[in-house]
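Subject: Handover of a structure and of the findings in it

Dear colleague,

Please find the structure that I am handing over to you below. I would ask you to keep it open while you read the notes that follow.

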Protein chains: 2
Amino acid sequence: MTTTEHSGSGDISRSLELLWGTGERPSRGPKPGLTLERIVTAAIAVADAEGLAAVSMRRLSAELGTGTMSLYRYVPGKAELLDLMLDQVQSFDPDAHAVDLGWRETLEMVARGAWQLYERHPWLLQVDQARPLLGPNAMAGLEFALRGLDGLGLTDRERIHVIVTVDGFATGVARTHLNSVMAEKRTGVSDAEFWKAHAPVVEKAFAGGRFPMQAALGEDAFTGRGEDVFEFGLGSLLDGIGAFIAARARDTAEK
Amino acid sequence: MTTTEHSGSGDISRSLELLWGTGERPSRGPKPGLTLERIVTAAIAVADAEGLAAVSMRRLSAELGTGTMSLYRYVPGKAELLDLMLDQVQSFDPDAHAVDLGWRETLEMVARGAWQLYERHPWLLQVDQARPLLGPNAMAGLEFALRGLDGLGLTDRERIHVIVTVDGFATGVARTHLNSVMAEKRTGVSDAEFWKAHAPVVEKAFAGGRFPMQAALGEDAFTGRGEDVFEFGLGSLLDGIGAFIAARARDTAEK
DNA sequence: ACTCACTGGGTACACCGTACCCAATTACGA
DNA sequence: TCGTAATTGGGTACGGTGTACCCAGTGAGT
């Protein structure tokens with residue numbers, strides 16, 4: 001049993017200070033035996049290996065060999081820790097930003113980047129990303145996307161719309177896909193077994209005649225891989241966005 | 001602090017029995033003073049009003065005026081309760097299914113239906129929907145979508161891909177939108193205040209010259225409403241899917 | 001040497017899901 | 001009619017959670 005942890009519940013400016021590392025060491029008192037980074041890294045490692053539910057303050061302190069309450073000397077609370085985990089995990093190869101790509105390649109990278117990120121850290125889907133604090137890594141990603149959409153005649157707001165749309169799509173499909181993968185890992189019940197359990201109830205429902213479309217569906221309809229759905233949807237979405245961009249280009253050409 | 005609750009963690013066939021209501025009352029023993037439906041309804045009401053985090057067995061029992069452990073006479077555990085909440089909340093006007101719509105209208109209804117569902121019950125985004133148990137309402141929704149995509153020359157798997165894509169898109173964008181709305185409600189910090197807190201740190205980052213695109217962004221770039229992003233993205237996505245369907249139609253015509 | 005900001009961390013509290021009991025209730029078999 | 005078996009109601013208790021509150025120990029500044 002787990003719950004989507006709320007990030008950003010704590011003191012915002014405190015979290016930002018931690019994110020951007022503006023804290024100076026005070027001159028008095030003993031030197032800290034821990035670092036923020038070690039705590040965040042340990043938390044991510046635990047989340048990757050055992051899921052977000054396994055990340056508790058007691059568990060982390062055990063992992064780091066300290067007292068539980070010592071962690072609160074570095075992080076105001078668990079919510080802020082999640083903020084920090086979010087930003088750290090979003091760091092990616094800065095070389096990828098160097099190249100100037102076309103809009104389609106850029107958006108494909110945005111979508112595939114999000115997909116791979118979720119694949120690597122499925123627990124991200126469990127974190128309430130409502131208001132991800134603007135960390136350095138998040139800003140770098142946005143900058144990359146904006147540059148790829150530059151010079152197409154789109155307004156600022158339209159560029160943001162496009163980016164949020166592509167990211168939302170990737171997130172939504174990744175959620176469906178990865179939740180299923182995680183469910184299997186967690187419960188030990190494979191997809192096949194899961195659907196097998198449904199068989200009796202589904203057959204009874206089909207017999208009622210209320211679901212002719214589903215009854216007529218072939219066996220293989222549901223066996224598609226999540227990646228295929230993602231690629232199909234991404235292609236369609238970008239085709240549609242391409243049409244929008246082309247229309248914009250025609251508008252500006254007329255003027 | 002909250003966590004995405006895992007549905008489907010419990011005994012699957014037990015949950016299915018509850019979903020499809022195949023349980024007969026045993027002849028002996030006292031009559032139950034509660035019903036499954038009352039429990040599920042109360043749980044949904046609490047989740048709607050105060051979020052998923054407020055839904056605890058103790059809280060529900062208080063709401064219903066019973067002992068906490070009595071709930072376990074009706075529901076195997078909290079995971080199964082979530083399964084039931086999921087299906088109950090997905091019920092919609094059966095009349096909407098009566099009409100036969102074109103593929104675009106159908107997919108628009110699927111997407112808008114999902115969007116409105118999340119708007120009404122934002123906590124749905126917190127529930128792990130990896131493997132939603134096939135309840136009667138979920139099946140009705142899928143049936144509706146499949147019918148709208150009938151006769152277009154798509155394979156079974158392609159129709160499923162289209163539906164998952166559209167649903168994933170709606171879910172992803174709704175997540176971004178509603179998490180922001182919920183964050184405001186929960187923390188009392190408005191979007192404006194939230195971004196204001198970022199100002200000093202963002203300005204310092206801009207001064208570094210690493211983010212020229214974001215620095216050049218107009219004030220209004222981020223003030224767009226979530227609904228606008230949704231409508232923009234939905235339009236583009238359906239345009240793209242339309243192109244795919246048209247290409248398929250040409251294929252079959254050639255044969 | 002004294003002071004005092006600082007770090008480390010133990011204890012305690014309020015909450016959670018739920019395993020395990022036992023008492024009260026009800027209908028069937030004798 | 002009277003056990004008796006099945007079923008419901010629910011109290012208690014356990015192991016988990018985040019974290020408020022303290023106090024002891026550290027080490028640089030005066």
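In these notes, Ala, Val, Leu, Ile, Met, Phe, Trp, Tyr, Cys and Pro count as nonpolar, Asp, Glu, Lys and Arg count as charged, and the others, Gly among them, count as polar. A residue is near a strand if one of its heavy atoms lies within 4 Å of it. With these terms, the surface near DNA strand C divides into 11 nonpolar, 10 polar and seven charged residues.

Please note how the values were obtained. This is a predicted model, in which local features need pLDDT of at least 70 and side-chain atom pairs count only at pLDDT 80 or more, while totals for chains, interfaces and linings use all residues. Residues are numbered from 1 along each chain as its sequence is written, chains are lettered from A and ligands numbered from 1 in the order in which they are written, and side-chain values use heavy atoms, with hydrogens and water left out.

DNA strand C

DNA strand C is surrounded by 28 residues, and the closest are A:Gly33, A:Met69, A:Arg73, A:Tyr74 and B:Arg58. Of the strand C atoms within 4 Å of the protein, 49% belong to sugar or phosphate, and the rest belong to bases. Several polar contacts (pairs of N or O atoms within 3.5 Å; within protein, one must be able to donate a hydrogen and the other to accept it, and residues adjacent in sequence count only if both atoms are side-chain atoms) can be listed here:

- A backbone N or O atom of A:Gly33 is 2.6 Å from a phosphate oxygen of DNA strand C.
- For A:Tyr74, a polar side-chain atom lies 2.8 Å from a phosphate oxygen of this strand.
- In B:Lys78, a side-chain N or O atom is 2.9 Å from a phosphate oxygen of DNA strand C.

DNA strand D

Which residues come nearest to DNA strand D? Of the 28 residues around this strand, they are A:Arg58, B:Gly33, B:Met69, B:Arg73 and B:Tyr74. Sugar and phosphate make up 53% of the atoms of DNA strand D that come within 4 Å of the protein. The surface near DNA strand D has 11 nonpolar, 10 polar and seven charged residues. Phosphate oxygens of DNA strand D lie 2.9 Å from a side-chain N or O atom of A:Tyr72, 3.0 Å from a polar side-chain atom of B:Ser70 and 2.8 Å from a polar side-chain atom of B:Tyr74.

Chain A

Helices (H or I, at least four residues) and strands (E, at least two) are DSSP runs, numbered from the N terminus. By this rule, chain A has 10 helices and zero strands. Buried means under 20% relative accessible area, exposed means over 50%, and partly exposed lies in between (1.4 Å probe, protein chains only). Of the 255 residues of chain A, 49% count as buried.

An unreviewed UniProt entry annotates residues 56–75 of chain A as "DNA-binding region"; such annotations may be inferred rather than shown by experiment, and their positions are given in the numbering used here, with feature names shortened. This span is 40% helix and 0% strand, and its end C-alpha atoms lie 13 Å apart.

Helix α4 of chain A (residues 78–89) is mostly covered, with 11 of its 12 residues buried. Among the buried residues are A:Lys78, A:Leu81 and A:Val89. A:Val89 counts as buried because its relative accessibility is 9%. The C-alpha atoms of A:Val89 and A:His121 are 8.1 Å apart, although 32 residues separate them along the chain.

Chain B

Helix α8 of chain B (residues 191–207) has 17 residues and reaches 24 Å from its first C-alpha to its last, close to the 24 Å expected at 1.5 Å a residue; the expected span is 1.5 Å times one less than the number of residues. Where does this helix have a kink? A kink of about 45 degrees lies at B:Ala199, shortly before the proline B:Pro200. The bend at a residue is the angle between axes fitted to the seven residues ending there and the seven starting there. The buried residues of α8(B) are B:Phe194, B:His198, B:Val201, B:Val202 and B:Ala205. After this helix comes B:Gly209, whose phi is positive, near 80 degrees.

B:Arg225 lies in the loop between α9 (212–215) and α10 (226–254) of chain B. Is B:Arg225 buried or partly exposed? B:Arg225 counts as partly exposed because its relative accessibility is 48%. Its side chain makes a polar contact of 3.0 Å with that of B:Asp228.

Yours sincerely
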